[in-house]
Amino acid sequence: MINILLLLNKFGFKKMNKKRLELLSDVFFVAVILSMVMHIEIPKNNDFYSLVNEACCFTFYVLTFIFIVILWNCHYHLFQVVDNINGKIFKINLFFIFWITIIPFSVEWMVSTNFSRNPVS
């Protein structure tokens with residue numbers, strides 16, 4: 001096993017740094033929030049009533065934003081406990097990030113169907 005690690009180090013393959021994995025995760029969190037912002041619809045008219053019609057979508061965006069920030073904070077505090085990164089932690093982190101990236105899709109589905117039963121459940 002040690003010979004394989006030495007060989008991998010010789011060709012530039014080193015253990016993943018904790019900061020590098022945190023940065024990768026931060027990029028995904030930012031991308032999810034940016035994707036959600038890009039899906040906010042701008043009202044067609046310039047009166048107050050058209051803004052009120054979009055209040056439901058905007059409220060749902062705010063709640064989802066708070067949820068993602070809470071998950072991001074938990075992720076940050078979780079990585080304060082981790083000392084080194086192995087394959088298991090890397091795979092668990094990728095699994096977690098996968099489900100975070102599904103959030104904008106599910107929110108858009110719920111909003112576009114006016115919160116019908118199937119998307120919400």
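Which helix does Asn-93 lie in? Asn-93 lies in helix H5, and we'll come back to this residue in one of the views below. Keep in mind throughout that this is a predicted model.

**View 1. The whole chain is built from helices.**
Let's start with the overall layout. The chain has seven helices and zero strands, so read along the sequence the pattern is simply α-α-α-α-α-α-α. Of its 121 residues, 21% count as buried. Among the contacts with a separation of 6 or more, 81% are between residues 24 or more positions apart.

**View 2. Eleven residues make up the largest nonpolar core.**
Here are the members: Phe-29, Val-32, Ile-33, Met-36, Tyr-61, Ile-68, Leu-71, Ile-100, Ile-103, Val-107 and Val-111. Three elements give two or more residues each to this core: helix H2 (18-38), helix H4 (55-81) and helix H6 (103-112). H2 provides the largest share, with four residues. As background, nonpolar side chains tend to be buried together in soluble globular proteins. For a feel of how the core is knitted, pick out Ile-68. Setting aside neighbours within four places in sequence, Ile-68 is in contact with Phe-29, Val-32, Ile-33, Met-36 and Ile-103.

**View 3. Helix H6 has a buried side and a face turned away from it.**
Which residues of H6 are buried? They are Ile-103, Pro-104, Val-107, Met-110 and Val-111. These residues sit on the same side of H6, because they cover an arc of only 130 degrees around the axis. A bit of helix geometry helps here: an α-helix has 3.6 residues a turn, so residues three or four places apart point the same way. Now look at the face of H6 turned away from the buried side, where you'll find the exposed residues Phe-105 and Ser-112. After H6 comes Asn-114, and its phi is positive, near 55 degrees.

**View 4. Helices H4 and H5 pack against each other.**
Helix H5 covers residues 87-101, and its axis comes within 12 Å of the axis of H4, with the two crossing at roughly 170 degrees. An angle over 145 degrees counts as roughly antiparallel, which means that H4 and H5 are roughly antiparallel. Who makes the contact? On the H4 side, look for Leu-71, His-75 and Phe-79; on the H5 side, look for Asn-93, Phe-96 and Ile-100. Sorted by class, the contact has four nonpolar, two polar and no charged residues.

**View 5. His-75 and Asn-93 touch each other.**
Zoom in on this pair, one residue from each helix: His-75 lies in helix H4, while Asn-93 lies in helix H5. Is His-75 buried or exposed? His-75 counts as buried because its relative accessibility is 5%. Asn-93 is also buried, at 4% relative accessibility. Not counting residues up to four places away in sequence, His-75 touches Ser-25, Phe-29, Asn-93 and Phe-96. With that same exclusion, Asn-93 touches Leu-21, Ser-25, His-75 and Phe-79. Ser-25 turns up among the partners of His-75 and among those of Asn-93.

**View 6. Ile-89 of H5 meets Leu-21.**
Stay with helix H5 and find Ile-89. Its relative accessibility is 25%, so Ile-89 counts as partly exposed. Leaving out neighbours within four places in sequence, Ile-89 is in contact with Leu-21, Val-82 and Asn-84. Ile-89 and Leu-21 are 68 residues apart in sequence, with their C-alpha atoms 9.8 Å apart in space.

**View 7. Ile-102 sits in the loop between H5 and H6.**
Where is Ile-102? Its place is in the loop between H5 and H6. Ile-102 has a relative accessible area of 29%, which means that this residue is partly exposed. From C-alpha to C-alpha, Ile-102 and Val-32 are 8.6 Å apart in space, though 70 residues separate them in sequence.

**View 8. Glu-54 sits in the loop between H3 and H4.**
The last close-up shows Glu-54, in the loop between helix H3 (48-53) and H4. With a relative accessible area of 23%, Glu-54 is partly exposed. Apart from neighbours within four places in sequence, Glu-54 is in contact with Glu-41 and Pro-43. Glu-41 is 13 residues from Glu-54 along the chain, and their C-alpha atoms are separated by 7.6 Å.

Methods:
Residues numbered from 1 in each chain as written. Predicted model: local features only at pLDDT ≥ 70, side-chain atom pairs only at ≥ 80, totals over all residues. Heavy atoms only, no water. Core = buried A, V, L, I, M, F, W, Y, C linked by side-chain atoms within 4.5 Å. Buried < 20%, exposed > 50% of the residue type's maximum accessible area, 1.4 Å probe, protein only. Contact = heavy atoms within 4.5 Å. Arc of directions from axis to C-beta. Axes fitted to C-alpha atoms, helices over the stretch in contact; angles between N-to-C directions. Parallel < 35°, antiparallel > 145°, perpendicular 65-115°, else oblique. Nonpolar A, V, L, I, M, F, W, Y, C, P; charged D, E, K, R; others polar.
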